[in-house]
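Trainee: Got a minute? I'd like to go through this one with you.
Mentor: Sure, put it up.

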Amino acid sequence: MSDVLISVEGQVGRIRLNRPKAIHALNTGMCAAILDALISWRDDTAVEAVMIDHAEGRGFCAGGDIRMIAESGAGDGSAARDFFRVEYRMNHALFTYAKPVVAFMDGITMGGGVGISQPAKYRVATENTKLAMPETGIGLFPDVGGGWYLSRLAGRTGQYLALTGYRLDGAECLALGLASHYLHSEALEDAKARIIADPQAIDAVLDALSSPTPDARILAHRGAIDRLFASDRLEDVLAALEADGGEWAAQQLATLRTKSPQTMKVSLKLLLDGKTMPTFEDEMRQEFAVGSHVVQRHDFIEGVRALIIDKDNAPKWNPANVEEVSDHLIDQIFAPLSADQQWEP
C-alpha cells in the first residue's frame, strides 16, 4: 500500500496521507510523490483545486520521519539533507501554488504537518486538531517554514509557540489565523464531497458547514505572552518568567527547562530573521542551511534518543545551559552552505 494516495476526483487533485501507524509522518518518498503531483497538476486545466487530508487512522500528520533523520545525522547526514531538500521543495510548491489548496487538519498536525497545511489557502481545523511545532524538545527547530509563519503571528505568540511547543486546539488555530475555518469532524466528508462536486465553491462550502467555535484559551494569556516573551534573547525570556512569580509563568519556565538551550536560541533567531525575509524561497534556503547543521549536532541525536527511541524523556543537552550557548555557536549553525550544497526550489 502506498504511503500517499494521489488521485483526481472530478476536477480536484487529491493528496491523501496514508501511513497510519506513523500518524502519517512524512518520509522522502511521500514528499517526492506530493511534489510530483503538484507539478503535474500545475498546468493541467482539468484540475481546478487540490485537497490534502489523511486516509485513515488518527491524526493528519505528526511531522517528518524523525528517526531516519536522526540516524542519518549520526552519520554523514546525507539522507537527512535529501529529505529536507525534497520536503522544502514541496513546501515551497504549495506556498507558490496558483490553484486553491484545501488542507484538512483533523487531529495531530505537527512539524511537517504544519508545513503542508499552512501554505494552503484553506486550512480547516476541527475539534480534534492539535497543532504544534514541538521541535525544541528534540533538539530541532520549527522548520518547514516555521520561521516565516510563526514570526507573522500577532504579538509574541509565534515565539511562545516555537520555544514551548504548546499544542493549539482547533479554536485556538482559528483565533490565531493558523486555520481559515473551523468545522466539526462529522462535517468533513460532506465538505470534501461538495468541494469535489464544485471546486469553484470552496468558500461557500466551508462557510456553510462551519461550526460555532469554542473559546480560544490562548487568548486569555496573550498579554502575558507578549510581555514575558518580548525579547529575542533567550536569557531575557527566562529572566522575565523567573521574575514574574505567577503560576502560569512558572509552568512555562518548567517547560522551557526541558528543551534544548541550543535550539531554543536557534528558534528565536530563526523567527527574528524570518519576519523580514524577502520571500518564502529565501526562508526555505536559510532553514535548509540551519537544518543541515543542526541534524548533525549532539542535541538533535540525543533528543530523538530520549523522546522517541529510548523514551526516557531525560535528554542530556550539550551545552547544558543557556549561558553556554555562545553567539559564535549560533552563527556557525546559521552559516550559509557552499553554492553547490544550497537549497533551490
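**Sheet, helix 6 and cores**

Mentor: Start with the sheet. This is a predicted model, and it has an open sheet of 3 strands, ordered 5-7-8, with mixed pairing.

Trainee: Which strands are at the edges?
Mentor: Strand 5 (108-110) and strand 8. Each of them pairs on one side only.

Trainee: How many bridges join strand 5 to strand 7?
Mentor: There are 3 bridges, and the two strands run parallel. Strand 7 covers residues 130-132.

Trainee: And which residue is the bridge partner of Met110?
Mentor: Ala132, in strand 7.

Trainee: Switching to helix 6. Is that mostly covered or mostly exposed?
Mentor: Mostly covered. Residues 157-164 make up the helix, and 8 of its 8 residues are buried. Among them are Gln159, Tyr160 and Leu163.

Trainee: What covers them?
Mentor: The cover includes strand 8 (168-169), helix 7 (170-176) and helix 10 (222-228). Helix 11 (234-244), helix 12 (247-256) and helix 13 (261-274) also contribute.

Trainee: What comes just after helix 6?
Mentor: Gly165, with a positive phi of about 70 degrees.

Trainee: Okay, cores. How many residues has the largest nonpolar one?
Mentor: It has 91 residues. Leu17, Leu26, Phe229 and Phe300 have the most contacts inside it. Helix 3 (residues 78-95) gives the largest share, 8 residues. A second, separate core has 18 residues, including Leu183, Leu188, Ile202 and Leu209.

Trainee: Back to Phe229. What does it touch?
Mentor: Leaving out residues up to four places away in sequence, Phe229 touches Gln159, Tyr160, Leu163 and Thr164, among others. Its contacts also include Arg156, Leu241, Trp248 and Leu256.

Conventions. Residues are numbered from 1 along each chain as its sequence is written. This is a predicted model: local features need pLDDT of at least 70, side-chain atom pairs count only at pLDDT 80 or more; totals for chains, interfaces and linings use all residues. Side-chain values use heavy atoms; hydrogens and water are left out. A nonpolar core is a set of buried Ala, Val, Leu, Ile, Met, Phe, Trp, Tyr and Cys residues joined through side-chain atoms within 4.5 Å. Buried means under 20% relative accessible area, exposed over 50%, partly exposed in between (1.4 Å probe, protein chains only). Helices (H or I, at least four residues) and strands (E, at least two) are DSSP runs, numbered from the N terminus. Contact means heavy atoms within 4.5 Å. Two strands pair if DSSP finds at least two bridges between them.
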